[in-house]
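Here are a few exercises to work through with the viewer open. Try each task before you read its solution.

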Amino acid sequence: MDFALSDEQLALQQTARRFAREEIAPIAAEYDRSGEFPREVIERAWKLGLTNSCIAIDYGGVGLTMLDSCIVIEELAWGCAGITTSIMANDLGLMPIVVGGSEEQKREWLGQCTDQFQLVAFCLSEPEAGSDVAGLQLLAEKDGDDYILNGSKQWITNGGEAALYTVFATTDRSSRHHGICAFAVPRDTPGITPGKKEDKMGQRASDTRPIVFENVRVPSSMRLGAEGEGFKIAMRTLDRTRPAIAGLATGIARRALEESAAYAKERKAFGFPIAGFQAVQFMLADMAKDVEASRLLTHQSASMVDAGVRASKQSSIAKCFATDAAMKATTDAVQVFGGNGYTKEYPVEKLMRDAKLMQIYEGTNQIQRLVIARELLKE
Ligand code: COS
């Protein structure tokens with residue numbers, strides 16, 4: 001077991017760290033306030049090779065491993081979780097193609113994202129089916145060699161900005177997971193209408209919205225994998241992307257720790273810097289141990305994905321632990337800052353709002369615990 005990063009990984013980390021400090025952090029509060037989409041920043045990250053890390057060199061990608069990707073994501077999330085979620089959502093949207101696409105589909109759809117800057121969205125959740133993927137209702141009716149899609153999706157990250165969607169639909173609502181198919185669908189296909197952007201509590205720079213599909217004709221050449229294979233493609237996708245969510249949460253928690261430690265050394269109470277009081281020191285110590293543990297779990301689950309081992313349990317452990325830890329670290333950061341922490345003049349209230357979403361998306365932490373329990377009881 002080697003915990004040291006390679007020289008290449010250290011260089012990659014430095015590039016991402018510099019980008020987060022110079023290009024993301026200075027604009028994070030402004031995009032959080034306005035809720036605008038920071039497209040130009042994401043495009044600059046794309047030019048630097050910090051996005052679409054799941055695309056292999058064979059398809060024009062930078063060829064990062066999942067571990068490399070998690071190192072990058074932690075750094076970017078230190079700058080802004082909302083912007084990093086928009087970047088991460090591209091890998092989530094592309095992963096069903098990596099996992100279930102044919103060689104020809106990979107060349108076409110992955111190649112498109114390396115030839116030009118474009119965003120992708122993963123369309124799985126629905127108004128009535130978030131945790132229960134097998135209960136999704138978007139219908140894919142066969143019509144000759146095509147499918148006609150009807151229904152709607154909800155909480156779609158990059159929904160209004162993406163040029164390409166990976167969409168999960170059912171050919172038979174009564175057959176639960178056996179009926180689900182995955183498709184790659186260009187945004188400009190007639191019948192697709194993105195809805196109103198959600199006015200979110202946190203991660204406000206990311207674009208989240210519903211999408212309506214009305215008689216959307218999709219040729220079967222756009223189906224990923226076999227008919228009925230969509231559910232497993234979705235699960236295998238989430239096994240591979242949850243380590244990056246853990247990395248994102250680690251970045252948020254690390255920022256909370258750094259801001260809190262710096263503030264505690266400056267802020268005085270009873271005539272002394274508050275960093276001298278054990279009540280504050282214990283909060284900082286808890287943050288530090290949670291950051292380290294989150295990073296280790298992130299790197300462990302990412303390494304399993306890279307080794308081609310099924311990582312369901314470890315990915316869920318990493319996602320669940322790191323996102324709960326980020327919630328606690330950011331709540332404690334607000335506590336360290338006291339009244340100042342509750343105002344928008346200081347960065348920690350944003351960290352706390354941003355962290356909350358981490359316990360909900362890519363599977364609530366209740367679902368993560370369910371996956372962990374099921375996997376360990378199988379063993
Ligand atoms: N990899 C491969 N196959 C998997 C798998 C995985 N990680 N997880 C489950 N499967 C397979 C099972 O082996 C089973 O296969 P068979 O039909 O061959 O027996 C099939 O898929 C159905 O699995 P299961 O019975 O466990 O499905 P459930 O309906 O009980 O649902 C949960 C499982 C709850 C785990 C799933 O719906 C889920 O992950 N929900 C959360 C979704 C989510 O994260 N949403 C956020 C969207 S992105 S913002």
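**Exercise 1. Find the enclosed space in this predicted model: how many cavities of 30 Å³ or more does the structure hold, and which residues line the largest cavity?**

Solution.
- Start with the count: there is 1 cavity of 30 Å³ or more.
- Next, take its volume: the largest cavity encloses about 40 Å³ of space.
- Now select the lining, which is made up of L50, T51, S53, L64, S69, V72, I73 and D91.
- Look for the main contributor: helix 3 gives the most to this lining, with 3 residues.
- Finally, sort the lining of the largest cavity by class, and you get 4 nonpolar, 3 polar and 1 charged residues.

**Exercise 2. Describe the second largest pocket: what is its volume, and which element supplies the largest share of its lining?**

Solution.
- The volume of the second largest pocket comes to about 420 Å³.
- Its lining has 17 residues, and D2, F3, L296, H299 and Q300 are the closest to the pocket centre.
- Helix 1 (7–34), helix 3 (66–79) and helix 7 (278–306) are the elements that each give two or more residues to this lining.
- Of these, helix 7 supplies the largest share, 6 residues.
- Sorting the lining of the second largest pocket by class yields 7 nonpolar, 5 polar and 5 charged residues.

**Exercise 3. Work out how helix 4 and helix 6 are arranged: are they roughly parallel or antiparallel to each other?**

Solution.
- Begin with the axes: those of helix 4 (residues 81–100) and helix 6 (residues 230–266) come within 9 Å and cross at roughly 160°.
- Angles over 145 degrees count as roughly antiparallel, and helix 4 and helix 6 are therefore roughly antiparallel to each other.
- Add the handedness: helix 4 passes helix 6 in a right-handed crossing.
- Then inspect the contact, where residues of helix 4 including M88, L92 and M95 meet a set from helix 6 that includes L238, I245 and L248.
- By class, the residues of this contact between helix 4 and helix 6 divide into 12 nonpolar, 5 polar and 2 charged.

**Exercise 4. Do the same for helix 8 and helix 10: is their crossing left-handed or right-handed?**

Solution.
- The axes of helix 8 (residues 312–337) and helix 10 (residues 365–378) come within 9 Å, crossing at roughly 145°.
- The crossing of helix 8 and helix 10 is left-handed.
- Among the contact residues are K313, I317 and C320 of helix 8, along with R369, I372 and E375 of helix 10.
- Sorted by class, the contact of helix 8 with helix 10 has 5 nonpolar, 5 polar and 5 charged residues.

Notes: Residues are numbered from 1 along each chain as its sequence is written. This is a predicted model: local features need pLDDT of at least 70, side-chain atom pairs count only at pLDDT 80 or more; totals for chains, interfaces and linings use all residues. Side-chain values use heavy atoms; hydrogens and water are left out. On a 1 Å grid over the protein atoms alone, a cavity is a set of points where a 1.4 Å probe fits but cannot get out, and a pocket is an open set with protein on both sides within 12 Å along at least five of seven lines; lining residues have an atom within 4 Å of a point. Grid points are joined across faces, edges and corners, and a volume is the space filled by probe spheres set on the points. Helices (H or I, at least four residues) and strands (E, at least two) are DSSP runs, numbered from the N terminus. Ala, Val, Leu, Ile, Met, Phe, Trp, Tyr, Cys and Pro count as nonpolar, Asp, Glu, Lys and Arg as charged, and the others, Gly among them, as polar. Axes are lines fitted to C-alpha atoms, for helices over the stretch in contact, and angles run from 0 to 180 degrees between N-to-C directions. Angles under 35 degrees count as roughly parallel, over 145 as roughly antiparallel, 65 to 115 as roughly perpendicular and the rest as oblique. A crossing is left-handed if the near helix is turned anticlockwise from the far one by less than a right angle, and right-handed if clockwise. Contact means heavy atoms within 4.5 Å.
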